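Reader: Hello! I would like a close look at one strand of this protein and its partners, and then at how that part sits in the whole chain. Could you walk me through it?

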Amino acid sequence: MGKIKIRSTTVLAVYHKGQMAIGADGQVTMGATVAKSHVKKIRNLSEGKIVTGFAGSTADAFTLLDRFDEKLSAHSGNLKRAAVELAKDWRRDKYLRQLEAMMIVADKNEMLIISGTGDVLDPEEDVASIGSGSQYAKSAALALKKHASHLTAEEMVRESLTIAADICIYTNHNLIIEVIQ
């Protein structure tokens with residue numbers, strides 16, 4: 001499988017002062033056309049204890065989301081174990097290898113990025129981002145953590161995604177943000 005180029009969204013997770021927040025914009029594009037502007041790319045799993053955000057093909061992301069939920073059930077809600085097992089299947093399974101999506105998964109203490117290349121990344125500095133506007137959002141979040149530490153994780157996610165939406169044509173201002181308590 002070649003390098004995945006994910007466009008059409010921005011997902012960001014920030015852990016700050018004991019709070020985990022994850023958010024995404026609501027835009028779906030088909031090529032250079034906005035197909036829909038209010039899509040929820042954030043999902044709660046395990047009775048709200050785990051939140052996921054996805055970027056890439058929506059159908060592919062839902063397939064992976066279902067598989068991740070199955071892995072969580074099989075591994076008693078262990079986030080890291082479920083993520084590793086999903087990444088193994090994603091890399092090995094002929095059908096799953098064709099899926100073009102990425103996910104951020106988080107519980108109240110940790111976040112992980114899962115990709116189809118078999119990666120399960122534990123991001124540094126308590127900031128994770130995926131999608132077309134990910135580097136804009138990540139840069140903004142890192143700056144806010146450094147220079148505006150009085151903000152909550154939710155406020156940092158909101159402001160960072162707003163900055164990404166101002167810059168990235170595949171990201172809009174229709175934000176969904178979840179906080180994991």
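Author: Happy to; what follows starts at strand E2 and then moves outward to the other strands, the loops and the chain as a whole.

Please keep in mind that this is a predicted model. Strand E2 covers residues 19-24, and 6 of its 6 residues are buried, so the strand is largely enclosed by the rest of the structure. In a regular strand, side chains alternate between the two faces of the sheet. For E2, both faces are covered. One side carries Gln-19, Ala-21 and Gly-23, the other carries Met-20, Ile-22 and Ala-24, and all of these are buried. To count as buried, a residue must have under 20% relative accessible area.

Now to the partners of E2. Strands pair through backbone hydrogen bonds, in either a parallel or an antiparallel way. Strand E1, residues 10-16, pairs with E2 in the antiparallel sense over 6 bridges, and His-16 stands opposite Gln-19 of E2. E1 and E2 form a hairpin with 2 residues between them, and in that turn Lys-17 has a positive phi of about 50°. E2 is also joined to strand E11, residues 176-180, by 5 bridges, again with the two strands running antiparallel. Here Ala-24 of E2 stands opposite Ile-176 in E11.

A further hairpin is made by E3 and E4, with 2 residues between the strands. E3 spans residues 28-30 and E4 spans residues 33-36, and they pair in the antiparallel sense over 3 bridges. Thr-29 stands opposite Val-34 in E4, while Gly-31 in this hairpin takes a positive phi near 70°.

Next comes an open sheet of 5 strands, ordered E5-E6-E7-E8-E9 with antiparallel pairing. E5 (42-45) and E9 (120-121) stand at its edges with a single partner strand each, so one side of each is left without a neighbour in the sheet. E9 is joined to E8, residues 111-115, by 2 bridges, and the two run antiparallel. Within that pair, Ile-113 has Leu-121 in E9 as its bridge partner.

The loops that follow the two edge strands deserve a look if you care about backbone torsions. Most residues other than glycine have a negative phi. Glu-47, in the loop between E5 and strand E6 (50-56), has a positive phi near 55° without being a glycine. This Glu-47 is exposed, with a relative accessible area of 79%. Asp-126, in the loop between E9 and strand E10 (127-131), is not a glycine either, yet its phi is positive at about 55°. Asp-126 counts as partly exposed, at 36% relative accessibility.

Finally, the whole chain, which has 4 helices and 11 strands. Its radius of gyration is 15 Å, close to the 16 Å that the globule rule gives for 181 residues, so the chain is as compact as a globular protein of that length. Along the principal axes, the C-alpha trace spans about 45 × 40 × 25 Å. Of the 181 residues, 50% count as buried. Among contacts with a separation of 6 or more, 62% come from residues 24 or more positions apart. The chain exposes about 8900 Å², of which carbon and sulfur atoms supply 47%. As for charges, the mean positions of the 23 positive and 22 negative ones are 4 Å apart.

Definitions and conventions
Residues numbered from 1 in each chain as written. Predicted model: local features only at pLDDT ≥ 70, side-chain atom pairs only at ≥ 80, totals over all residues. Heavy atoms only, no water. Rg over C-alpha atoms; globule rule 2.2 N^0.38 Å. Buried < 20%, exposed > 50% of the residue type's maximum accessible area, 1.4 Å probe, protein only. Contact = heavy atoms within 4.5 Å. Areas by Shrake-Rupley, 256 points an atom, 1.4 Å probe, with all protein chains shown as cover. Lys, Arg positive; Asp, Glu negative; His and termini not counted. Charge placed at Lys NZ, Arg CZ, Asp CG, Glu CD. Pairing = 2+ DSSP bridges.
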